[in-house]
Amino acid sequence: MTVETESSNVDDSNQEAEPVQLLDDEANKNLPVRKKTTCCTGLKMFLAALSFSYFSKALSGTIMKSSVTQIERRFDLPSSTVGFIDGSFEMGNLLVIAFVSYFGAKLHRPKVIAVGCFTMALGSLLTAMPHFFMGYYKYETTSHTASSANLTSRINPCSLHQDVNKTLLEASKSDCEKEPSSYMWIYILLGNMLRGIGETPITPLGISYLDDFAKEEDVPVYVACLHTIGMFGPMFGFLLGSLCAKLYVDVGFVDLGSITITPQDSRWVGAWWLGFLIGGVISFLAAIPFCFLPKSLKRPAEANHDKTSSSLLANMGAITKTLTPAEPKPMKWSTMMKDFYTSLKKILSNRMYFTFLCCSLLQFSSFIGFLTYKPKYMEQQYGQSTSKSNFLIGLTSLPPVGIGIFLGGLIMKKYKMGIIGATKFAFSMSFLAYVLTLLHFFVGCENHVVAGITVSYDGKPIPYHENAMFSDCNSDCKCATNVWDPVCGDNGLTYISACLAGCTTSVGHGKSMVFHNCSCLEASSLWSGNNSVTLGQCPKSDDCSMKFIYYTVIQVISGFCYALGGTPAYMIIFRCVQPELKSLAVGLYTLIMRMLAGIPAPVYFGALIDKTCLKWGSRSCGQRGACRLYDSNAYRYVYLGLSALLRGPSYLLAIFFFIFLKKHFQNKNSRPTENGGKEDVPMNKDDNCKSKENLAGSLDAENESCI
């Protein structure tokens, strides 16, 4: 009011009216129509580029998940070691996530993201390199000598094994000294870690950039779009993993006709390296658009209008200072570090944020362990090949999740959910999904019927012990027990090798080889048919195939329900902390998830899965290799039980989080307001922050953290 009075009193004075006119002209210069169009274009370009980078990082991550079994077999590693390799991605994040999230927000965010994408590409290429420096894959078999000798008939597996036994032992000693693949898996670990470093800035800097320069009501939709497009990454990643798993690891370099194993065999290794090469190229392409995007964009039209009018009101009393605004001084590193410590202390002392963090930690630990070994679970539990497991995950599990994430964002916008409403919706959907996943316990399959391991040679169930591999029917063969070269008998039993099946002759070459006159089939009291066996394990029963369909249906429904609450849950992080701490809150959240869930979860999941192994493979050195056969029942209870035990307590923490949240915002809105204390008020608290700081005459740079 004082400003208007002064202006009217000096209406006849051209000299005093002149600064006001200059201010109006200056304001008009700051809001041209052409710049507004550029802003919209820049925001759309950034959203498109960020969406592609989300697709890229999800694709590369999924290729690693889909290749876990292949890497385990190729390098003869236990599941715990493979879990450690998979967790190296989180280690890379751990190294830089906190500093990138905090200091990256003060730098050129699009260019920082571009550097991250280039680093991801380099990491993917490094992961694939061991394949080109290793020899051809040599799987354990007792029939390779017959194949290489081109002897296609009248081969006695028993006498063949006896003749070659000493030669194999002598050769293994020399192989131990110069085996090239012993520690090549370390390069995969380093490449995965480098990819984790590169992925670090994409989420915290990308989301905070959108949250700074987009309208508040559009942010949930943008986040939903990002995650929906990002879901295409896992979908295509698993489909690509399925295609690569069908191709033999040394495709193009070996005679595939001489290969005696199929993709259903537990020794099969697909072209795991091909997926990483493709993922590296896509990550490189994702980096290019960010190199041409600006450091900052103009605020939404409403925010600019409020900011301009309030700035005029605040600055009319100090006209000379407004005409020559002072530029903000660059902050010193010591000041930034002190500010970082203060901000970190504020976040960790926030009860709502800390409770939500603990709740998410349990959920994420369960999720990451479950996803890492999901393809392997489908292989071991339901007898599916690696290729088919990856294909079904990409085709049936992920599309419903992507649809659920997108619908969750639309529901949040349509019903204008406040933070309390979003919390109710998110945790209700998560709990419903949890209850549905418990049904997985009832749709498992029984063990593979393997003579000498799960059943006797008569077909009766037995407890596992080493001596059971021998019987009267194969006592004259003197077979080795450390070799896994399974054959399927016409009686439906799987034998560890043709030698242990008591076979005396073989016909055919490669995958078509058939063994005849197998004495152990004659020993079966319930069998009176042909005494022949073929290469590979016997398939599981038709009842198991039906249970696999039930498993898939449960997985689709539970995944969709969980994804519906994904976007509201993600937005809770932004709304339960101060606006200026959004980037750090997301970065710290990601840091804790990587450090306490992403790294250890695959390791202890893998270690417990290793405990359920019934038959280990053997390396050329005679050392223990990858597991060939698991106890299906024990595997199911360990894998599903550990996941359920981790998720269960998280819902108890969710109750405490909701109590803290409701208490906080009820106290905050206890005084009368024009909104009537509705729960939607907290979602709009950024607008209050903008108004207060603008009326105080703050600089634009100081207001960035409040938008």
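**Figure 1. A salt bridge inside helix α22.** In this predicted model, Asp543 and Lys547 share helix α22, which covers residues 542–564. They sit 4 residues apart, or about one turn of the helix. Their side chains form a salt bridge, and the closest N and O atoms are 3.7 Å apart. Are these two buried or exposed, or something in between? Asp543 has 49% relative accessibility, so it counts as partly exposed. Lys547, at 22%, also counts as partly exposed. The cut-off for buried is under 20% relative accessible area. In all, the structure holds 8 salt bridges, and the next two views pick out others.

**Figure 2. Glu72 meets Lys376.** Here the side chains of Glu72 and Lys376 come together in a salt bridge, at 3.0 Å from N to O. Glu72 belongs to helix α4 (residues 68–74) and Lys376 to helix α18 (residues 374–382), so the pair ties together parts of the chain that are 304 residues apart in sequence. How accessible is Glu72? Its relative accessibility is 3%, so Glu72 counts as buried. Lys376 also has a value of 3% and counts as buried.

**Figure 3. Arg267, Asp485 and Asp265 form a network.** Start with Asp485 and Arg267, whose side chains meet in a salt bridge at 2.9 Å, N to O. This pair links distant parts of the chain, 218 residues apart. Asp485 is found in the loop between α20 and β1, while Arg267 is in the loop between α12 (219–246) and α13. Both ends are covered up: Asp485 is buried at 2% relative accessibility, and Arg267 is buried at 1%. Which residue joins them in a network of salt bridges? It's Asp265, linked with Arg267 and Asp485.

**Figure 4. An open sheet of 5 strands.** Follow the sheet across and you meet the strands in the order β2-β1-β5-β4-β3, with antiparallel pairing. Which strands stand at the edges? They are β2 (494–495) and β3 (505–507); each has a single partner strand, so one side of each is left without a neighbour in the sheet. As background, strands of a sheet pair through backbone hydrogen bonds. Zooming in on one pairing, strand β1 (residues 487–489) is joined to β2 by 2 bridges, and the two run antiparallel. Look for Cys488, whose bridge partner in β2 is Thr494.

**Figure 5. Strands β6 and β7 side by side.** These strands run antiparallel, and 4 bridges join β6 (residues 613–618) to β7. What is the bridge partner of Trp616 in β7? That partner is Cys627. Strand β7 itself spans residues 624–630 and is mostly covered, with 6 of its 7 residues buried.

**Figure 6. A nonpolar patch on the surface.** This patch comes to about 660 Å². Phe52, Phe118, Val281, Phe284, Leu285, Ile288 and Phe292 make it up. Which helix gives the most to the patch? Helix α13 (residues 272–287) does, with 3 residues. Phe118 comes from helix α6, which runs over residues 109–128. With 32% relative accessibility, Phe118 counts as partly exposed. Patch residues need over 30% relative accessible area, so Phe118, at 32%, passes that mark.

**Figure 7. The surroundings of Thr423.** Thr423 has its place in helix α20 (residues 419–437). Its relative accessibility is 2%, so Thr423 counts as buried. What is Thr423 in contact with, leaving aside its neighbours within four places in sequence? The list is Ile572, Phe657, Phe658 and Leu661.

**Figure 8. Stepping back to the whole chain.** With the close-ups done, here's the wider picture. The chain has 28 helices and 7 strands. Of its 707 residues, 54% count as buried. Its accessible surface comes to about 32100 Å², and 63% of that belongs to carbon and sulfur atoms. Take the contacts between residues at least 6 apart in sequence: 81% of them join residues at least 24 apart.

Conventions: Residues are numbered from 1 along each chain as its sequence is written. This is a predicted model: local features need pLDDT of at least 70, side-chain atom pairs count only at pLDDT 80 or more; totals for chains, interfaces and linings use all residues. Side-chain values use heavy atoms; hydrogens and water are left out. Buried means under 20% relative accessible area, exposed over 50%, partly exposed in between (1.4 Å probe, protein chains only). Contact means heavy atoms within 4.5 Å. Accessible areas come from the Shrake-Rupley method with a 1.4 Å probe; for residues, only the protein chains shown count as cover. Two strands pair if DSSP finds at least two bridges between them. Patches are made of residues with over 30% relative accessible area and no salt bridge: like charges are joined within 9 Å, nonpolar side chains (Val, Leu, Ile, Met, Phe, Trp, Tyr) within 5 Å. A salt bridge is a side-chain nitrogen of Lys or Arg within 4 Å of a carboxyl oxygen of Asp or Glu.
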